[in-house]
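Hi there,

Here is the structure I promised to pass on to you. Open it up first, and then read my notes alongside it.

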Amino acid sequence: MVIDVLDRGDWPFPRSLPEFQRRFPDEAACASYLERARWSDGFICDHCGSPGEPYRFANRPGVFRCRHCNRDTSLTAGTVRDRTHTPLSVWFWAASLVASQTPGMSAVQFPRQLGRSRYETAFQILHKLRAGMVRPDQDRIGGKSEEVVEADETYVGGRTRGKGRGVHDRVLVAGAVEVRQRKRTSSLNKRKTGRYAGRVRLALVSDRSAQSLGGFIDGNVAPGTTIITDDWSGYAKLSEHGYSHTAVAERGDMQVAETFLPIILLVFSNLKTWLRGTHHGVSPQHLPAYLNEFTFRFNRRFSPFNAFLSLLGIAGDVTAPTYAELYATKSPPTTSSKLGS
Ligand SMILES: [Zn+2]
């Protein structure tokens, strides 16, 4: 696994096709699962807003007809699966693979598991699911005065093949990451600082000027947040923009950088490893999409269940059972959790 900025917590997705098939044996199982994820307190008509048990059709799981206005509501309307005839179970398997990001798994094993005849379908599905990760996370990170965000910038190497020795399509990536602090509950972590990464934001910037870097911070970090950077002039005006700014005199000393900006350096290192390993070098024109995909995965690495639902197009304010609640017992969940990244 590439994204290893400290623990990822549990990884509760079915790890094999047989396990997955036990959990989601047929279309009805998938539909009933989606139904509970979408309407934890029971069906509500999309058209007239009426609650109440709808008409159901044995041959069309996932379609509900309102007893009040007689119109149909589809579980997958407006999602990536909309207007396709691919079975829900196939979408589920694809989304769980993409969400759990086992390296290489989604691209290679999924089509094989579907069978040769459906090779093209598999790639279309994976393509659509990946496209779902390319929508950027928009809201600004940080926000509370006690929250700390580390920010820095790094060069990401582009393709060098055929370009001659020493010539690189290097591009500049700016990054900001929330620094979270683990509660000291165990003596096992004595040697660690207890710091780990919260949400991350990444963007291509044209240069290291105050306009570029300051603009990135303005757009991605909420004012009032405490920001730690090095003492590069590009960050010098952050306190004038409403941030509580700490500039560390790093002067090219990696040890100083690793002491004061450890989390963002770890994020950059993970990003570069992932780009190299997964995409074998990425051309600058495609890099923004890959940055968004990395950000999507990174920000949901503790909640693959949310990534899974988000990929299926079920997100936002939906109140859904958590994965644990869903599988711990066969009875309906008694509590629910708010979705979000
Ligand atoms: Zn209705």
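**What I found**

Let's start with one residue: Asp 41 sits in the loop that links helix H2 (27-38) to strand E1 (55-56). Is Asp 41 buried or exposed? Asp 41 counts as exposed because just 8 other C-beta atoms lie within 10 Å, and the cut-off for exposed is 12 or fewer. If you look for Gly 52, which is 11 residues away from Asp 41 along the chain, you'll find 10.0 Å between the two C-alpha atoms.

Another loop residue to click on is Asn 70, between strand E2 (63-65) and strand E3 (72-74). Asn 70 isn't a glycine, yet its phi is positive, at about 70 degrees. Asn 70 is exposed too, with 11 other C-beta atoms within 10 Å.

**How far to trust it**

Keep in mind that this is a predicted model. The mean pLDDT of the protein chain is 74, and 68% of the residues reach 70 or more. Over residues 1-12 the pLDDT stays under 50, and the model gives that stretch 22 contacts beyond four places in sequence. Residues 315-341 are also below 50, with 34 contacts in the model beyond near neighbours in sequence.

**The overall picture**

The protein chain has 11 helices and 10 strands. Of its 341 residues, 30% are buried. Take the contacts between residues at least 6 apart in sequence: 60% of them join residues at least 24 apart.

**The sheet**

Now for the sheet. Which strands form it, and in what order? It is an open sheet of five strands, E6-E5-E4-E7-E8, with mixed pairing. Strand E6 (195-205) and strand E8 (244-248) are the edges, each pairing on one side only. From one strand to the next, the twist averages 25 degrees.

Zoom in on strand E4 (residues 148-156) and strand E5 (residues 171-181): they run antiparallel and are joined by nine bridges. One pair to look for is Asp 152 with its bridge partner in E5, Gly 175.

Two helices to look at pack on this sheet. Helix H6 (residues 210-220) touches E4, E5, E6 and strand E7 (226-230), and its direction makes about 125 degrees with that of E6. Helix H9 (residues 287-299) touches E4, E5 and E6, and here the angle with the direction of E6 is about 165 degrees.

H9 has 13 residues and spans 18 Å from its first C-alpha to its last, close to the 18 Å expected at 1.5 Å a residue. Its buried residues include Tyr 290, Leu 291, Phe 294 and Phe 298.

**The cores**

Nonpolar side chains in soluble globular proteins tend to be buried together. In this model, the largest nonpolar core has 35 residues, and those touching the most other members are Val 149, Val 177, Ile 217, Ile 227 and Val 267. The elements giving two or more residues to this core are E4, E5, E6, H6, E7, helix H8 (262-279) and H9. Which of them gives the largest share? That would be H8, with eight residues.

There is another core apart from this one, made of 24 residues, including Ala 31, Ala 95, Val 98 and Ala 307.

Have fun looking around!

How values were computed. Residues numbered from 1 in each chain as written. Predicted model: local features only at pLDDT ≥ 70, side-chain atom pairs only at ≥ 80, totals over all residues. Helix = DSSP H or I, 4+ residues; strand = E, 2+ residues; numbered from the N terminus. Buried ≥ 20, exposed ≤ 12 C-beta atoms within 10 Å, placed from the backbone. Contact = placed C-beta atoms within 7 Å. Pairing = 2+ DSSP bridges. Axes fitted to C-alpha atoms, helices over the stretch in contact; angles between N-to-C directions. Expected span 1.5 Å × (residues − 1). pLDDT = per-residue confidence, 0-100. Core = buried A, V, L, I, M, F, W, Y, C linked by C-beta atoms within 7 Å.
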